[in-house]
Amino acid sequence: MGKIFYVMGKSASGKDTIYKRLLELRPQLKRVILYTTRPIREGEREGEEYYFTDGNKMRELREAGKIIEERTYQTALGPWSYFTVDDGQIDVMSENSYLMIGTLESYEKTRDYYGEERLVPIYIEVEDGTRLRRALEREFKQKEPKYAELCRRYLADEEDFKEENLKRCKIGRRFINDDLDACLNDILKVIQ
Ligand SMILES: Nc1ncnc2c1ncn2[C@@H]1O[C@H](COP(=O)(O)OP(=O)(O)OP(=O)(O)O)[C@@H](O)[C@H]1O
Ligand SMILES: Nc1nc2c(ncn2[C@@H]2O[C@H](COP(=O)(O)O)[C@@H](O)[C@H]2O)c(=O)[nH]1
């Protein structure tokens, strides 16, 4: 049975970096693109990071029963929704393996939708101080740094990824991203 490898972790734990490197290292993995109502950022492309959409389209998909999971955050820049759609990207009858990226909440709902035997959680962890430093350094390089959003997200992650939630979702293994190559090697052992 084809698996769905699901990369998740707190903000600035290195999910995007790891996700991109895994796709380079294992090109046979198929990407699953999620949807968002947040504005597209400089350098992003439609259908690459996300399908960028709006509240009306989201409602349409919801009414058609196509939304697998959705989350809306009251960000420092207004409400932003992120959601996963059953739009044919995942063919459950095939032997294809897929790579997804999201949150603990989206993982849990996707797992409930496709079945526990199909989902493989890849939980990325970095010591909080190091992670905050990486987040700050990343933000500092932006043309218009959004420090308030960085802080909101850092604090929200404390709640969203608390130990009892990780336990409920049966996240046992943690892939420590101190050293990127070592972390990737550990993950590749699971993806083989
Ligand atoms: N092992 C590592 N060592 C040092 N820096 C790293 C490492 N892994 C990732 N980084 C850097 O840390 C920052 C955060 O990484 P990344 O953007 O991949 O995190 P993320 O988990 O996707 O964050 P977010 O959820 O906020 O989008 C980036 O600047 C990235 O280059
Ligand atoms: N667990 C939480 N996840 C959050 C929160 N705010 C946003 N997010 C998730 O982060 C990424 C954002 O990605 P980006 O491409 O817009 O940088 C996305 O998966 C959101 O679900 C939050 O408060 N808690």
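Lysine 170, in this predicted model, counts as exposed because it has 10 C-beta neighbours inside 10 Å, and the cut-off for that class is 12 or fewer. Its place is in the loop between helix H6 (163–168) and strand S9 (175–176), and its phi is near 60°, a positive value in a residue other than glycine. Alanine 12 is another residue other than glycine with a positive phi, here near 65°, but its surroundings are of another kind: alanine 12 has 24 C-beta neighbours inside 10 Å and therefore counts as buried. The place of alanine 12 is in the loop between S1 and H1, and these two elements lead into the interior of the protein and to one of its ligands.

Strand S1 is a good place to begin with the interior, since six of its six residues are buried. In a regular strand the side chains alternate between the two faces of the sheet. In S1, Ile4, Tyr6 and Met8 point one way while Phe5, Val7 and Gly9 point the other way, and all of these residues are buried. S1 has pairings with S7 and with S8. Five bridges join S1 to S7, and the two strands run parallel; within this pairing, tyrosine 98 in S7 is the bridge partner of isoleucine 4. With S8, S1 pairs over six bridges, also in the parallel sense, and here valine 7 has isoleucine 122 in S8 as its bridge partner.

What does S1 contribute to the nonpolar interior? The largest share of the largest nonpolar core, five residues, comes from this strand. That core has 22 residues, and those with the most contacts inside it are Tyr6, Val7, Ile18, Ile122 and Ile187. The elements that give it two or more residues are strand S1 (4–9), H1, strand S7 (98–102), helix H3 (104–114), strand S8 (119–125) and helix H7 (180–191). Isoleucine 122 illustrates how separate parts of the chain are brought together, for when residues up to four places away in sequence are not counted, it touches Phe5, Tyr6, Val7, Phe175 and Ile187. Apart from this core lies another one, of six residues, among them Met58, Ile67, Phe83 and Val85.

A further sheet is built from four strands in the order S4-S3-S6-S5; this sheet is open, and its pairing is mixed. Strand S4 (51–52) and S5 stand at its edges with a single partner strand each, so one side of each is left without a neighbour in the sheet. The partner of S5 is strand S6 (residues 78–85), with which S5 pairs in the antiparallel sense over eight bridges. In this pairing, glutamine 74 stands opposite proline 79 in S6.

The ligands can now be placed against these elements. Around ligand 1 there are 13 residues, of which Ser11, Gly14, Lys15, Asp16 and Thr17 come nearest. Helix H1 (15–25) and helix H4 (128–140) are the elements that give two or more residues to this shell, and H1 gives the most, with three residues. By class, the shell of ligand 1 divides into two nonpolar, six polar and five charged residues.

Which residues surround ligand 2? They are Arg38, Arg71, Tyr73, Tyr82, Gly102, Thr103, Arg153, Ala156, Asp157 and Asp160. Two or more residues of this shell come from each of strand S5 (67–75) and helix H5 (147–160), with H5 giving the most, namely four residues. This shell has three nonpolar, two polar and five charged residues.

Seen as a whole, the protein has seven helices and nine strands. Its C-alpha trace spans about 45 × 40 × 35 Å along the principal axes. A compact globule with 192 residues would have a radius of gyration near 16 Å, and the protein has 16 Å, which agrees. Of the 192 residues, 27% count as buried. Among contacts with a separation of 6 or more, 70% are accounted for by residues 24 or more positions apart.

How values were computed: Residues are numbered from 1 along each chain as its sequence is written. Chains are lettered from A and ligands numbered from 1 in the order in which they are written. This is a predicted model: local features need pLDDT of at least 70, side-chain atom pairs count only at pLDDT 80 or more; totals for chains, interfaces and linings use all residues. A residue is near a molecule or strand if its C-beta atom, placed from the backbone, lies within 6 Å of it. Ala, Val, Leu, Ile, Met, Phe, Trp, Tyr, Cys and Pro count as nonpolar, Asp, Glu, Lys and Arg as charged, and the others, Gly among them, as polar. A nonpolar core is a set of buried Ala, Val, Leu, Ile, Met, Phe, Trp, Tyr and Cys residues joined through C-beta atoms within 7 Å. A residue is buried if 20 or more other C-beta atoms lie within 10 Å of its own, exposed if 12 or fewer, and partly exposed in between; C-beta atoms are placed from the backbone. Two residues are in contact if their C-beta atoms, placed from the backbone, lie within 7 Å. Two strands pair if DSSP finds at least two bridges between them. The radius of gyration is taken over C-alpha atoms; the globule rule is 2.2 Å times the number of residues to the power 0.38.
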